[in-house]
Amino acid sequence: MAEMGSKGVTAGKIASNVQKKLTRAQEKVLQKLGKADETKDEQFEQCVQNFNKQLTEGTRLQKDLRTYLASVKAMHEASKKLNECLQEVYEPDWPGRDEANKIAENNDLLWLDYHQKLVDQALLTMDTYLGQFPDIKSRIAKRGRKLVDYDSARHHYESLQTAKKKDEAKIAKAEEELIKAQKVFEEMNVDLQEELPSLWNSRVGFYVNTFQSIAGLEENFHKEMSKLNQNLNDVLVSLEKQHGSNTFTVKAQPSDNAPAKGDKSPSPPPDGSPATAPEIRVNHEPEPPAAAGAGLPKSPSQSSLPAVVVETFSATVNGTVEGSSGAGRLDLPPGFMFKVQAQHDYVATDTDELQLKAGDVVLVIPFQNPEEQDEGWLMGVKESDWNQHKELEKCRGVFPENFTERVQ
């Protein structure tokens, strides 16, 4: 009998819940059609909007914090592998081996401690903060349902009162149900009206504490890690002093035999010749005969390049302008100084550069604005282009001097 009674109660509760859902659905339809008044509370609706915004922001912060922790863990693993590699290559007879191993151990402990403190002081606090939202969200939804029940009971009571044929018993029962629905709704409404603004205001303190904790932990971590790195550097300096004769020097490698963009510093030629650039000086006085051969540049295979002295004095002989610079010769560009021949291919990396193939002859001319000349670079026009076009504007360009050799 007890079992039958229990089943009967359960069935009755289910039927009651189904009836409530139907009644609420009917009430919402009437409200949307404008046939029934809907209780509005703009202040509460604003609180709900703030709640949803706060939940969205908190959820995002939790996600990003977990990503940050995953990154810390990945960096820990990478740092651990790097230190293990150092321990493996550090030979037993090298000084500081024990110190290096100890530093690696402390490095590992420091990463572990940092990660754990982030979990304890940030992530767990974040989880606790977000843990209060599901219950409040459920109560907001329940309040909404109870508000519909209250409106439905009110409308039912009002319809009975305005009916032509009044049934006092039904009116009394409807009034009783209205009072009950109103009480349930108002109890939930009052609690939420107090909790939601308080929860909204708590976000400021929570964000401050969370980011202060993260910032403080990260600051201390980097301070301690800096000490370990300094200790490791000291150990390696000691190793370098003992094996200083075996120091390895890192040299820059050329890329496609081209200088770096924006910095007209010529790359070394492909045969490994030095990239030392000659100094170009313009004298307006003739050099003494004894120095005639001193100004000629050496080939790229030699260890250094001396200064190139360019003489520009000229004399008029039988009405013809002549001089060592070649200025005034009709078969050469204006201001022609000397010729060079490309010893290596050079791939131009900018529109103002000449593209050279080994063997190309270039007629060197002065820069229009000497201040634009970068060290190690010359201005010129390929002889083949000049013979064909006789137009400097279209043909001239800059090129690295150490890819060429002077021939005239």
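**Entry 1: Phe-206**

I started at Phe-206, which counts as buried at 9% relative accessibility. Note to self: this is a predicted model. I wanted to know which ring pairs with Phe-206 in a stacked arrangement. My search of the whole structure turned up 10 aromatic pairs. In one of them Tyr-129 stacks with Phe-206, with 3.8 Å centre to centre and 5 degrees between the planes. I call that stacked because the cut-off is planes under 30 degrees apart. The two rings come from distant parts of the chain: Tyr-129 is in helix α3 (residues 97-131) and Phe-206 is in helix α5 (residues 168-242), 77 residues apart. I looked up Tyr-129 as well, and it counts as buried at 5% relative accessibility.

I then asked which residues make up the aromatic cluster with this pair. I found Phe-51, Tyr-129, Phe-133, Phe-206 and Tyr-207 in one cluster.

**Entry 2: Gln-54**

Next I clicked on Gln-54, in helix α2 (residues 42-89). Is Gln-54 buried or exposed? Gln-54 has a relative accessible area of 1%, so I log this residue as buried, the limit being under 20%. I checked what its side chain has for polar company, and a polar atom there lies 2.8 Å from the backbone oxygen of Leu-199. Leaving out residues up to four places away in sequence, I listed what Gln-54 touches: Tyr-129, Phe-133, Leu-199, Trp-200, Ser-202, Arg-203 and Tyr-207. Tyr-129, Phe-133 and Tyr-207 on that list are also among the members of the aromatic cluster.

**Entry 3: charges over rings**

Two names from the Gln-54 list came up again here. The charged end of Arg-203 sits over the ring of Trp-200, and I get 3.7 Å to the ring centre. I logged another case at Phe-44, where the charged end of Arg-143 sits over the ring, 3.5 Å from its centre.

**Entry 4: salt bridges**

How many salt bridges does a search of the whole structure find? I got 15. I went through a few of them.

- Lys-53 and Glu-57 meet through their side chains at 2.6 Å, N to O. Both lie in helix α2, four residues apart, which is about one turn of the helix. I have Lys-53 as partly exposed at 42% relative accessibility, and Glu-57 as partly exposed at 29%.
- Asp-127 and Arg-66 meet in a salt bridge at 3.5 Å, N to O. Asp-127 is in helix α3 and Arg-66 in helix α2, so this pair ties together parts that are 61 residues apart in sequence. Asp-127 is partly exposed with a relative accessible area of 26%, and Arg-66 is partly exposed at 43%.
- Arg-396 and Glu-393 pair up at 3.0 Å, N to O. Arg-396 counts as partly exposed at 21% relative accessibility, whereas Glu-393 is exposed at 63%.

I also noted a network of salt bridges that links Asp-135, Arg-139 and Glu-195.

**Entry 5: the whole chain**

Last, I zoomed out. I count seven helices and nine strands in the protein chain. Of its 408 residues, 32% are buried; Tyr-129, Phe-206 and Gln-54 are among the buried ones. I also looked at contacts between residues at least 6 apart in sequence, and 70% of them join residues at least 24 apart. The accessible surface comes to about 26,000 Å², and carbon and sulfur atoms account for 53% of that.

Conventions. Residues are numbered from 1 along each chain as its sequence is written. This is a predicted model: local features need pLDDT of at least 70, side-chain atom pairs count only at pLDDT 80 or more; totals for chains, interfaces and linings use all residues. Side-chain values use heavy atoms; hydrogens and water are left out. Rings of Phe, Tyr and Trp (its six-membered ring) pair if their centres lie within 6.5 Å; planes under 30 degrees apart count as stacked, over 60 as edge-to-face and the rest as tilted. Helices (H or I, at least four residues) and strands (E, at least two) are DSSP runs, numbered from the N terminus. Buried means under 20% relative accessible area, exposed over 50%, partly exposed in between (1.4 Å probe, protein chains only). A charge sits over a ring if NZ of Lys or CZ of Arg is within 6 Å of the ring centre and within 35 degrees of the ring normal. A polar contact is a pair of N or O atoms within 3.5 Å; within protein, one must be able to donate a hydrogen and the other to accept it, and residues adjacent in sequence count only if both atoms are side-chain atoms. Contact means heavy atoms within 4.5 Å. Accessible areas come from the Shrake-Rupley method with a 1.4 Å probe; for residues, only the protein chains shown count as cover. A salt bridge is a side-chain nitrogen of Lys or Arg within 4 Å of a carboxyl oxygen of Asp or Glu.
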